[in-house]
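Student: Got a minute to go through a structure with me? I'd like to poke at the strands first and then jump around a bit.

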Amino acid sequence: MVSFIHWLPFLLILADARTPHFLKTFNVLSYGARPDRITDNSMAFLRAWKDACEHDGGGRVWIPRGEFKLDSVVFIGPCKGPVDFVIRGLLEASSDPSKFFVDHWIAFRYVDQLVVRGGGYLLGNGRSAWQFNDCATNSRCKPLPVTMRFDFVSNSKVNNIHSIDSKNAHFNLFACHNMNMSHIRILAPASSPNTDGIHIGSSTQIKITNSLISTGDDCISMIAGSKDIMVSEVHCGPGHGFSIGSLGGSHNEEHVNGIIIQNSTLRGTQNGLRIKTWAPSPPSLASDFTFEDIIMENVNNPIFIDQQYCPQPPCNGQAQSNVQIWNVTFRKVHGTSSSKIAVKIQCSKHVPCEGVNLVNINLEYRGPEGPVSSSCLNVKGKSYGRQLPAGCL
């Protein structure tokens with residue numbers, strides 16, 4: 001944590017400058033919260049939230065500097081005005097296994113005009129829980145808590161928050177609309193299981209900017225119902241890269257469209273820019289994606305469309321996805337690949353990818369397997385400008 005302490009003065013000023021100051025403040029200390037790392041402060045936090053939420057014109061929940069132990073909490077709206085949730089201190093999740101198996105640690109639901117900010121830290125204590133993550137081999141596995149969930153939250157901002165060692169995903173957005181996330185710092189080991197940085201589903205008009213994500217799974221993942229998503233100036237690594245999907249896992253799945261990832265970097269990630277769909281799968285549509293001005297350093301599978309996604313055997317190599325991928329552009333993607341095949345576009349025989357464009361791609365491979373190469377299957381598209389590896393469209 002010491003490495004980014006020097007960010008805090010600037011970021012605290014920036015966050016304060018963007019937030020109204022006329023809101024009445026409700027300090028959790030006034031409700032009995034104790035920053036001793038022992039006391040469970042859940043009830044104090046909930047009482048402060050209740051009064052801020054029910055105050056005419058809105059309110060500010062104030063969590064001062066200090067180290068606060070906190071069990072699972074849900075902050076529920078709707079509220080009578082904007083709510084400014086300021087975390088100046090450090091919040092620490094439980095390391096008691098009897099409290100692990102819920103879908104959230106901190107959750108906000110049915111809230112409009114919420115701001116979460118303050119430069120504080122969310123310590124998920126994931127190291128105490130990762131051993132219980134057996135979902136890869138156990139279909140009846142119990143969920144571990146997401147550090148911070150937003151369900152049915154609209155017209156809101158999250159900025160200048162640090163999430164460390166989440167038990168599951170760090171941030172989860174479901175059925176959210178018009179949310180901006182900026183200056184987020186996410187940190188977990190590359191070996192931490194299922195610790196997606198920011199996971200988005202059934203949400204629209206989401207913007208993520210100026211953030212650093214180092215984790216054990218996708219830095220940002222966007223699943224069914226993700227529409228009009230903008231990612232800009234985000235650094236990813238370690239992690240599994242930026243992922244759209246997996247898609248096609250259920251019937252009547254919402255379409256995914258309008259995703260832009262730009263001006264971002266990946267370093268040492270398991271994948272780069274990835275679209276993944278299950279095979280077999282019900283019909284669905286994934287369209288209008290742009291990946292632009294991306295710099296990669298030692299990235300495996302830098303450009304990867306995978307319509308045979310199957311993370312765990314047994315896998316049916318003959319099965320075909322019915323998710324139609326359409327209108328996808330990779331533009332100005334530069335850097336180095338840790339895999340010989342730097343561009344891999346493996347689409348479905350049933351519904352080939354259409355409108356895939358490779359524009360000015362420059363990905364070098366310096367490993368022992370020979371020159372860098374590309375591979376395309378069941379795809380219709382075009383290549384423009386410089387192509388390294390040589391285009392396969």
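Student: Which residue in β6 is the bridge partner of Val 61?

Tutor: That's Phe 85. Keep in mind that this is a predicted model.

Student: OK, and how do β3 and β6 run where they pair?

Tutor: Parallel, over five bridges, with β3 covering residues 59–63.

Student: What does β6 pair with besides that, say around residues 114–117?

Tutor: Strand β9 sits at 114–117, and β6 pairs with β9 in the parallel sense too, over four bridges. There, Val 83 has Leu 114 of β9 as its bridge partner.

Student: Are the β6 residues buried or exposed?

Tutor: Five of the five residues in β6, 83–87, are buried. Val 83, Phe 85 and Ile 87 point one way, Asp 84 and Val 86 point the other way, and all are buried.

Student: What comes just before that strand, in the loop between β5 and β6?

Tutor: Pro 78 lies in that loop. The peptide bond leading into Pro 78 from Gly 77 is cis, with omega near 0 degrees.

Student: And what about the bond from Leu 388 to Pro 389?

Tutor: That peptide bond is cis as well, with omega near 5 degrees. Pro 389 is in the segment after β27, which spans 379–388.

Student: Switching to β14. Which residues are on its two sides?

Tutor: Ile 198 and Ile 200 are on one side, His 199 and Gly 201 on the other, and all of them are buried.

Student: Which strands does β14 pair with?

Tutor: β12, residues 171–174, runs parallel to β14 and is joined to it by four bridges. Phe 171 stands opposite Ile 198 there. Then β16, residues 220–222, also runs parallel to β14, with three bridges, and Ser 221 in β16 is the bridge partner of His 199.

Student: Which backbone angle of Ala 175 catches the eye?

Tutor: Its phi: Ala 175 has a positive value of about 55 degrees although it is not a glycine. Ala 175 is in the loop between β12 and β13, and it counts as partly exposed because its relative accessibility is 22%.

Student: What's the phi of His 183, then?

Tutor: Positive again, about 50 degrees, and His 183 is not a glycine either. His 183 is in strand β13.

Student: Why is His 183 called buried?

Tutor: Because its relative accessible area is 18%, and the cut-off for buried is under 20%.

Student: Pockets now. What's the volume of the largest one?

Tutor: About 1,100 Å³. Of its 34 lining residues, the closest to the centre are Asn 194, Asp 196, Asp 217, Lys 276 and Tyr 309.

Student: Which strand gives the largest share of that lining?

Tutor: β20, with three residues. β11, β18 and β20 each supply at least two.

Student: How does the lining split by class?

Tutor: It has 12 nonpolar, 13 polar and nine charged residues.

Student: Last one: what's the average pLDDT?

Tutor: The average is 94, and 95% of the residues score at least 70. Residues 1–18 have a pLDDT below 50, though that stretch has 29 contacts in the model beyond near neighbours in sequence. Where pLDDT is low, the predicted coordinates should not be read in detail.

Definitions and conventions:
Residues are numbered from 1 along each chain as its sequence is written. This is a predicted model: local features need pLDDT of at least 70, side-chain atom pairs count only at pLDDT 80 or more; totals for chains, interfaces and linings use all residues. Side-chain values use heavy atoms; hydrogens and water are left out. Buried means under 20% relative accessible area, exposed over 50%, partly exposed in between (1.4 Å probe, protein chains only). Two strands pair if DSSP finds at least two bridges between them. On a 1 Å grid over the protein atoms alone, a cavity is a set of points where a 1.4 Å probe fits but cannot get out, and a pocket is an open set with protein on both sides within 12 Å along at least five of seven lines; lining residues have an atom within 4 Å of a point. Grid points are joined across faces, edges and corners, and a volume is the space filled by probe spheres set on the points. Ala, Val, Leu, Ile, Met, Phe, Trp, Tyr, Cys and Pro count as nonpolar, Asp, Glu, Lys and Arg as charged, and the others, Gly among them, as polar. pLDDT is the predictor's confidence in each residue, from 0 to 100. Contact means heavy atoms within 4.5 Å.
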